[in-house]
Amino acid sequence: RVGMGPVIDQDDAALAEAAAELGTTTKVATVNEALRMAAARQRTAAYLDLLAALDRDDGDRARTWRAA
């Protein structure tokens, strides 16, 4: 099995739906794009949490945005 990735059981219906949504044409491309999107969503959520924590009502929005 040199050069082959891990063998996984996947939900074929969910994989087909994800491929249609993502516009991918292979299982590998679909899984990789879904993983990238999940990671990006996590980074976005963390950044939004940071911005919310920095959102002060002291009238100095410029300083708040520079801190981010």
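## A walk through a three-helix model

Let us start inside helix α2, which is where Thr30 is found. At 2% relative accessibility, Thr30 counts as buried. Its side chain reaches a partner outside the helix: Thr30 makes a polar contact with the side chain of Thr24, at 2.4 Å, and Thr24 is found in the loop between α1 and α2. Thr24 counts as buried too, with a relative accessibility of 18%. That value falls within the buried class because the class takes in everything under 20% relative accessible area. So the 2.4 Å polar contact joins the side chains of a loop residue, Thr24, and a helix residue, Thr30.

Before going further, a word on the model as a whole. It is predicted, and the mean pLDDT of the protein chain is 83, with 75% of the residues reaching 70 or more. Where should you trust the helices, and where should you be careful? Confidence is highest in helix α1 (residues 12-22), at a mean of 96, and lowest in helix α3 (residues 61-67), at a mean of 62. The chain has three helices and zero strands, and reading along the sequence gives the pattern α-α-α. Of its 68 residues, 10% count as buried; Thr24 and Thr30 both belong to that class.

Now go back to the N-terminal end of α1. Which residue caps it? Asp11 does, with a side-chain oxygen 3.1 Å from the backbone nitrogen of Ala13. At the other end, α1 is followed by Gly23, whose phi is positive, near 75 degrees. Gly23 is found in the loop between α1 and α2, the loop that also holds Thr24. The two residues differ in their surroundings: Gly23 counts as exposed, at 60% relative accessibility, whereas Thr24 counts as buried, at 18%.

From Gly23 we can step across to helix α2. The C-alpha atoms of Gly23 and Glu33 are separated by 9.7 Å, and the two residues are ten apart along the chain. Glu33 is partly exposed, with a relative accessible area of 25%. What does Glu33 pair with? It forms a salt bridge with Arg36, the closest N and O atoms being 3.2 Å apart. Glu33 and Arg36 are three residues apart in helix α2, which means that about one helical turn separates them. A search of the whole structure finds one salt bridge, so this pairing of Glu33 with Arg36 is the one to look for.

Finally, turn to the open space in the model. Rolling a probe the size of a water molecule over the atoms shows where empty space is left. The largest pocket has a volume of about 290 Å³. Its lining takes in Gly5, Pro6, Val7, Ile8, Gln10, Leu15, Lys27, Val28, Val31 and Asn32. Which helix gives the largest share of that lining? Helix α2 (residues 27-54) does, with four residues. By character, the lining divides into six nonpolar residues, three polar and one charged. Lys27 is the charged one, because Lys counts as charged, while Gly5 is among the polar ones, because Gly counts as polar.

Helix α2 thus runs through much of this tour: it holds Thr30, it carries the Glu33 and Arg36 pair, and it supplies the largest share of the lining of the largest pocket.

Note on methods. Residues numbered from 1 in each chain as written. Predicted model: local features only at pLDDT ≥ 70, side-chain atom pairs only at ≥ 80, totals over all residues. Heavy atoms only, no water. 1 Å grid on protein atoms, 1.4 Å probe; cavity = no way out; pocket = protein on both sides within 12 Å on 5 of 7 lines; lining within 4 Å. Points joined across faces, edges and corners; volume = space filled by probe spheres on them. Helix = DSSP H or I, 4+ residues; strand = E, 2+ residues; numbered from the N terminus. Salt bridge = Lys/Arg side-chain N within 4 Å of Asp/Glu carboxyl O. Buried < 20%, exposed > 50% of the residue type's maximum accessible area, 1.4 Å probe, protein only. pLDDT = per-residue confidence, 0-100. Polar contact = N/O pair within 3.5 Å; in protein donor to acceptor, adjacent residues only side chain to side chain.
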